[in-house]
Amino acid sequence: MFDDIKQQLSDLIDAFCLSRGLPTGKVEFRNIPFSGEWGIAAPLFPLAAADPDKSLPVAKKAQALAEALQSQASGLPGFSRVEAVRGYLNLYFEPHSYVGRVVGTVLEQGVRFGSQPQLGKPVMVEYSNPNTHKPLHVGHLRNVILGGSVCNILEASGKRVIRANYIGDIGLHVIKWMCNYEAYHAGEQPSADIMRWMADLYAESDRRFSDDPDFEAQVRAYFGKWDSGDEHVHALWEQTRHWSMQGFQQVYDLLGEHFDRIYFESDVEESGKVMVEKLLKLGIAEDGRPENPVIIDLDKLLGTKEEYRVVVILRSDGTSLYATKELPLAIMKFEEYDLEQSIYVIDVRQSLHMKQMSKVLEVMGYPWAARMHHLAYEIVNLPGNVTMSSRDGTVVLLDDLIREATQRAFEVVQEKNPSLDADSMRDIARKVALGAIKYPMISRENTKIVTFDWDTALDFNGQSAPYIQYAVVRANSILRRLSEPAPRKADFTHDLLPAELNLIEKISQLPDVVQKAAAEFKPSLVATYAFELAQSFNDFYTQCPVLSAVGSARAARLVLVQAAKISLENALSLLGIQSPQVM
RNA sequence: GCCCCAGUGGCUCAAUGGACAGAGCGAGGCACUCCUAACGCCUAGGUUGGGGGUUCGAUUCCCUCCUGGGGCACCA
C-alpha cells in the first residue's frame with residue numbers, strides 16, 4: 001500500500017545519485033526497527049561504498065549522504081518526518097490512518113485474520129504414523145503436534161491440505177501382541193481407555209518375549225500361522241487392529257487432530273513385492289537371493305560415492321521391509337491425488353532413507369519424485385540424553401502426562417477461580433494442560449532436540465501456552481464486563497501510548513508470520529509470535545485502562561482489545577491450542 | 001572413513017547479511033484498595049565453540065578445526 005510512496009522516494013534518490021555522479025540502484029528499502037513509529041529506512045552503506053571518492057570511511061560517508069538526502073526528502077507527501085541517523089535515511093509514516101486500517105481489518109476478518117483463501121493443487125502431509133497394538137508416548141506427540149500444526153499453517157497460508165496417516169498394522173510387534181492375548185487374555189474386551197489397555201498388554205507381551213524362551217517360540221509359531229493365511233489369526237488381527245484404531249481415535253480427539261486419508265502398511269505389502277520384481281526386470285535392483293537380499297546400489301547406479309549408499313528392498317527370505325512398502329505408497333499418493341507436494345513428517349534419523357526413496361522413484365522415472373519433501377524433526381529425549389525406548393522402559397506415556405498435567409491445571413483453576421462449576425473447571429484444566437504439553441513441542445526449531453522433563457512440562461508460567469491463554473482470558477474479561485455491545489470500529493484519535501502502538505504493530509505481523517512459517521514448515525515462528533503478542537497485550541493491559549478510559553480512547557481501546565483477542569486466538573489455533581474464555 | 005544436525009548469559013531458547021544480540025527460567029530487589037498476580041517493573045549476567053575468509057557491515061554466508069548427538073546392507 002506504500003508502493004507509490006516508495007516509488008517517489010526511489011525516483012528522488014536516483015536523481016540525487018545522478019546529480020552527484022553516483023551509481024543508481026544501490027539503495028534498497030526496509031522497515032525501520034519498530035519503536036513506536038512506523039516507517040521505511042534506506043541504508044546508505046552500499047551507495048557510500050560505491051562512491052569513488054574514498055576520502056571518508058564508509059560509515060561517515062553514508063551518514064553524510066543520508067543528511068544530504070534528508071533535506072530533499074522532507075518535502076515528500078505521506079511522511080510525518082524524515083531523519084538521518086547512523087547512515088540510514090529514515091522516513092516515518094503518519095500513524096493514525098495506519099493504525100485504524102490494521103485494527104479494522106482484524107475485526108472485519110475475525111477468525112480468518114492471518115489466513116488466505118485456499119487455492120491450487122493440494123499438498124499432502126503424512127504424519128503421526130503410529131504402530132497399532134503399541135502405546136503412544138511423548139516422542140510420538142512431537143510428530144503429531146508438529147504435523148498437525150504444519151497442516152494448519154499451510155492451510156492458513158493458502159494451500160489445500162490432505163492430512164495422511166500411515167499406520168503400521170503388521171509386523172513382529174503385532175504378532176507378539178496377539179500371541180500373548182490368545183495365551184493369557186483370550187476373549188477379553190478392551191476397557192474404556194482402549195489405548196491404555198492395549199499399551200499394558202503390549203508391555204506384557206514384550207516382557208514375556210524377552211524373558212521367556214517358550215513364549216518366544218510360541219510367537220515364532222504364531223508368525224507361521226499368520227504367514228500361511230490362518231483364518232482365525234486374521235480375524236483376530238482385524239478385530240484387534242480395530243480396537244487399536246479406536247484407541248488412536250480417542251487420543252486424536254483429545255488432541256484435536258483428524259486425518260483425511262488413512263493408509264495401512266498391510267495395504268501396500270503385496271504391491272511392494274510386485275514392485276521389487278519390476279525393479280529387478282528394469283535392472284535397477286540386484287537379486288542376491290537366497291543368500292543375500294534384493295538391493296538397489298544407488299551409488300553404483302548414479303556414479304556417486306558414499307552418498308546414496310545401498311537400499312535393501314527385500315529380505316533374503318523374501319519378506320518385505322519398510323522400504324519395500326514405502327515405494328508403492330508414494331506412487332499411490334500421486335496416482336490418487338494431483339499433489340503439488342508430498343510431505344513426510346518423519347524424524348531426522350530417517351533422513352538417508354527418505355533421500356534414498358525419492359532417488360529410487362526418480363530413477364524409476366517418476367517426475368514427481370522431486371516434489372517429495374522430508375520434513376525432518378529431532379526426537380524427544382529424557383534428561384541426561386536418554387532416548388525414549390519402550391523396550392528399555394524409558395518412556396513417558398502420553399496418557400500419564402496428560403492425566404498429570406490436567407490434574408495440576410485443575411488444582412490451579414480451583415485455587416484461582418473457586419466460584420466456577422466443576423464442569424467448567426475440568427474443561428479449562430484440559431485446555432490449559434494440553435496447551436502446556438503441546439507448546440514446548442513446537443516452540444523450538446524442528447532441528448533441535450526437545451528434552452522432556454516433568455518440571456518444564458508442568459510449568460504453566462513464563463514462555464508457555466498458559467501464559468498466552470491467560471492473555472486471551474484477560475482480554476475477554478474486559479469485554480465481558482461491558483454492559484453495551486462492544487464497538488466494532490473506532491477512530492484512533494487519542495494520543496497513542498507506546499504500549500498501544502507496540503500491540504498494534506504485533507497484531508499486524510500475523511499474516512506475514514503465517515506465510516513465513518508455511519514456507520519454512522516452522523510452527524516455531526508462530527509459537528514465538530504468539531508469545532510476543534501475549535507479552536505486548538499484557539504490557540498494554542497494565543498500562544492502558546480500557547473500561548475507565550475517557551473520550552475517544554475508550555472505544556479505540558475496546559476495539560484494540562478485540563483485535564488482540566482475535567489475533568491471539570488465531571495464532572494459538574494454528575498451533576492446535578484452544579483458548580479458554582475464563583481460567 | 002563418509003554424510004546430516006546442533007554449539008548464543010548459570011539453564012532452556014529467539015534473532016529475512018543491517019542500527020545497541022533479545023526472551024523465558026533461575027538469582028537479587030520492587031509491586032496486590034485499581035478491567036483476574038497463571039500478571040507486571042527494576043538489577044546482575046555475553047569475545048554468539050576456536051581460528052581464518054568474503055563484505056561498507058557476519059550470530060547469519062564460505063573454509064578449517066574442536067565438542068556433543070544422529071545416520072551409513074536384510075529395524076522402522
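**Exercise 1.** State the volume of the largest pocket and describe its lining.

*Solution.* Step 1: the largest pocket of this predicted model holds about 1,300 Å³ of space. On a 1 Å grid over the protein atoms alone, a pocket is an open set of points with protein on both sides within 12 Å along at least five of seven lines, and a lining residue has an atom within 4 Å of a point. Grid points are joined across faces, edges and corners, and a volume is the space filled by probe spheres set on the points.

Step 2: the lining has 38 residues, of which Asn129, Asn131, Lys134, His140 and Gln350 are the closest to the centre.

Step 3: at least two lining residues each come from helix H5 (138-156), strand S6 (160-167), helix H6 (172-184), helix H7 (194-211) and strand S11 (341-347). Helices (H or I, at least four residues) and strands (E, at least two) are DSSP runs, numbered from the N terminus. H7 gives the most, with 4 residues.

Step 4: by class the lining has 16 nonpolar, 15 polar and 7 charged residues. Ala, Val, Leu, Ile, Met, Phe, Trp, Tyr, Cys and Pro count as nonpolar, Asp, Glu, Lys and Arg as charged, and the others, Gly among them, as polar.

**Exercise 2.** Find which residues line the largest cavity, and which helix gives the most to this lining.

*Solution.* Step 1: the structure holds 1 cavity of 30 Å³ or more, a cavity being a set of grid points where a 1.4 Å probe fits but cannot get out. The volume of the largest cavity is about 80 Å³.

Step 2: its lining consists of Pro135, Leu136, Met195, Arg196, Ala199, Val251, Leu397, Leu398 and Asp399. The classes are 7 nonpolar, no polar and 2 charged.

Step 3: H7 and H14 each supply at least two of these residues, and H7 gives the most, with 3.

**Exercise 3.** Describe the protein surface near RNA strand B and the contacts to its base nitrogens.

*Solution.* Step 1: RNA strand B is surrounded by 61 residues, each with a heavy atom within 4 Å of the strand. Arg30, Arg315, Lys416, Lys448 and Ser477 are the closest.

Step 2: these residues divide into 33 nonpolar, 14 polar and 14 charged. Of the strand atoms within 4 Å of the protein, 59% belong to sugar or phosphate and the rest to bases.

Step 3: a polar backbone atom of Tyr541 lies 2.4 Å from a base nitrogen of RNA strand B. For Glu291 the distance is 3.4 Å, and for Val546 it is 3.4 Å.

**Conventions.** Residues are numbered from 1 along each chain as its sequence is written, and chains are lettered from A and ligands numbered from 1 in the order in which they are written. In this predicted model local features need pLDDT of at least 70 and side-chain atom pairs count only at pLDDT 80 or more, while totals for chains, interfaces and linings use all residues; side-chain values use heavy atoms, without hydrogens and water.

Note on methods
Polar contact = N/O pair within 3.5 Å; in protein donor to acceptor, adjacent residues only side chain to side chain.
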